[in-house]
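Biologist: I would like to take a close look at a single part of this model, and I would be glad of one connected explanation that a first-year student can follow.

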Amino acid sequence: MSDKNKLNLQWIYLTAITVFAIAIRFWFINHIPTVQVFDFKTYHEIASNIYNHQGHSLWGQPVAWQGMGYSTALGLFYMLLGNDSIHIAKLFNCILSIFSLPLMFLIFRKLSSNKVVVCGAYTLVALLPNFIAYNNVVGTEVFFTFLFALIIFLQLYSFNNWVRYPLLGIAIGLSALTKPFFLAYPLVVGLYIWLKNKDGRETLALVLTVIILMTMVVSPWTLRNFHKYGSFIPISYNSGYVLYVNNNAYNVTGAWMPLEKIPASPQLQKQIEAELAENQGSEKLAPHLDKVLKPAAKQWIKDNPGGFARLGLLRIKQTFFSGAWDVKSWTMNEMAKTEQVSPMRFQRNLNAFYAVADILVYILSSAGILYLLLNIKPLLLGLFTRRRLSDAILIPSLNMAFFLAIYFVFEGQARYNYPLLFLFIICMFIIGQKTSEGLQRSD
């Protein structure tokens, strides 16, 4: 077969996979029932308030409990379509999930020149159960992953730096408004540029450009928060709460636990109760609770470094090695009712779907973290020598290390692995390719 025919066959295959991926996403949101709970319900309520011209509010009060990016974008989408139903939110997710596919394909092409690796990774991205199922949830996962893929795309594809890096700063700003920990992402950008080019002046200039544009995107929201709450709150006021409920003497799992289940000193308990009493009894409406809880969490970490390290390890386990129970609990939780009245064959097929999702998450997480471990030596050499590193090392490794560090400190749960899954996928295929080539040379 000629090279031209092979190329045509490749594009026919990729087109067919993409069409099927689009169709199954729309089928899923139209046929698989789920109820929005916890944070997902809150995102929808805030977006609905934006749609109804009540601003970024919850229960009649201004709120900055979570990052505002997803709720605001969803609220604007509701306004565009003139409808704030849950199904419209799912449609919004599907559109973003579809737009993410070509971005991920282009990322894969930069990270590997092997067509089998690229096509195989793209196929798994297109058909991964998590990437299909989360379109059913009014949550940040699909929206944030689209922005994250865009950020990596802008780092990998070279065009005018004074256009590309301002766009990168804007994308990082939007991501930070969705996930506040992305305020620290310019550090990743700086390391990437330095380890790739070893040009200190260029690195400094480009990182400053990113930081300035990111700040310009975030600052209007920061000013809004100062006006509403009289405090400097860059994006959200839940970091102290999250740090405290995940790092305390009574946390034994590394996962979230209710604030009221954590015994506190009389003085701290009094402060907590005072803040809650002023804000309808809800931590979501208590902007100054952050100042109360963050010092307590930091003090506990300082006094208990071993306990903190063990909780961090548990958080990594919760995020990457708990299977895909989140798919069942968040994206199709109404299926439990169907199971009770369904025939055995249906239940068996449904459980097989859950099993496939579980197995894939375990395999992908193992491959991704193994890839990071294998690249620790090159990264260290790159930091302390003049050695330049490739995109295939830098992009997966730096980004995985960044997310792992955040989850280690703050909170871990299964759905937090979602943004990294496409990087885990390309890592798995690259490892497979290198292993195959090594075995062939040893024959």
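Which residues are linked with Arg415 in a network of salt bridges? Please start there, and then follow the chain outward to the other parts that help a newcomer to read the model.

Modeller: Before anything else, please keep in mind that this is a predicted model, and that what follows describes that model.

The network of salt bridges that you ask about links Arg415 with Asp39 and Glu141. As a general point, side chains of opposite charge can pair when their charged atoms come close. Between Asp39 and Arg415 the side chains meet in a salt bridge with an N to O distance of 3.3 Å. Asp39 belongs to helix 2 (residues 39-51), while Arg415 sits in the loop between helix 19 (391-409) and helix 20 (421-442), so this pair ties together parts that are 376 residues apart in sequence. The side chains of Glu141 and Arg415 also meet in a salt bridge, here at 2.6 Å from N to O. Glu141 is in helix 7 and Arg415 is in the loop between helix 19 and helix 20, so this second pair ties together parts that are 274 residues apart in sequence.

It is worth asking how much of each partner can be reached from outside. Arg415 is buried, with a relative accessible area of 5%, and Glu141 is buried as well. Asp39, by contrast, is partly exposed, and its relative accessible area is 25%, where the range called partly exposed begins at 20%.

Helix 7 has a further residue that can be described in this way. Thr145 has its place in helix 7, which covers residues 141-156, and Thr145 is buried, with a relative accessible area of 2%. If residues up to four places away in sequence are not counted, Thr145 touches Met104, Thr140, Tyr418, Pro419 and Phe422.

The count of salt bridges in the model comes to four, and one of them joins Asp391 and Lys196, whose side chains meet at 3.2 Å, N to O. This pair links distant parts of the chain, with Asp391 in helix 19 and Lys196 in helix 9, 195 residues apart. Asp391 is buried, with a relative accessible area of 13%, whereas Lys196 counts as partly exposed at 25% relative accessibility.

From Lys196 we can turn to Lys198, which is found in the loop between helix 9 (186-197) and helix 10 (200-229). Lys198 is buried, with a relative accessible area of 6%, and its phi is near 55°, a positive value in a residue other than glycine. That deserves a remark, because most residues other than glycine have a negative phi. Gln280 is another residue other than glycine with a positive phi, near 55°, and Gln280 lies in the loop between helix 12 and helix 13.

This loop brings us to helix 12, which covers residues 266-277, has 12 residues, and reaches 16 Å from its first C-alpha to its last, close to the 16 Å expected at 1.5 Å a residue. The residues Leu268, Ile272, Glu275 and Leu276 of helix 12 are buried. They cover an arc of only 100° around the axis, which puts them on the same side of helix 12. On the other side of helix 12, Pro266, Gln267, Lys270 and Ala277 are exposed. The buried residues of helix 12 pack against helix 11 (239-246) and helix 13 (289-303).

The surface also carries nonpolar side chains: Phe159, Val163, Leu167, Ile170 and Leu174 form a patch there, with about 380 Å² of accessible area together. One of these residues, Val163, lies in helix 8 (residues 161-178), and Val163 counts as partly exposed at 42% relative accessibility.

Finally, Tyr354 is found in helix 17, which covers residues 344-374, and Tyr354 is buried, with a relative accessible area of 10%. The C-alpha atoms of Tyr354 and Asn246 are separated by 28 Å, and these two residues are 108 residues apart along the chain. To return to your question, Asp39, Glu141 and Arg415 are linked in a network of salt bridges.

Key
Residues are numbered from 1 along each chain as its sequence is written. This is a predicted model: local features need pLDDT of at least 70, side-chain atom pairs count only at pLDDT 80 or more; totals for chains, interfaces and linings use all residues. Side-chain values use heavy atoms; hydrogens and water are left out. Helices (H or I, at least four residues) and strands (E, at least two) are DSSP runs, numbered from the N terminus. The expected span of a helix is 1.5 Å times one less than its number of residues. Buried means under 20% relative accessible area, exposed over 50%, partly exposed in between (1.4 Å probe, protein chains only). The arc is that of the directions from the helix axis to the C-beta atoms. Contact means heavy atoms within 4.5 Å. Patches are made of residues with over 30% relative accessible area and no salt bridge: like charges are joined within 9 Å, nonpolar side chains (Val, Leu, Ile, Met, Phe, Trp, Tyr) within 5 Å. Accessible areas come from the Shrake-Rupley method with a 1.4 Å probe; for residues, only the protein chains shown count as cover.
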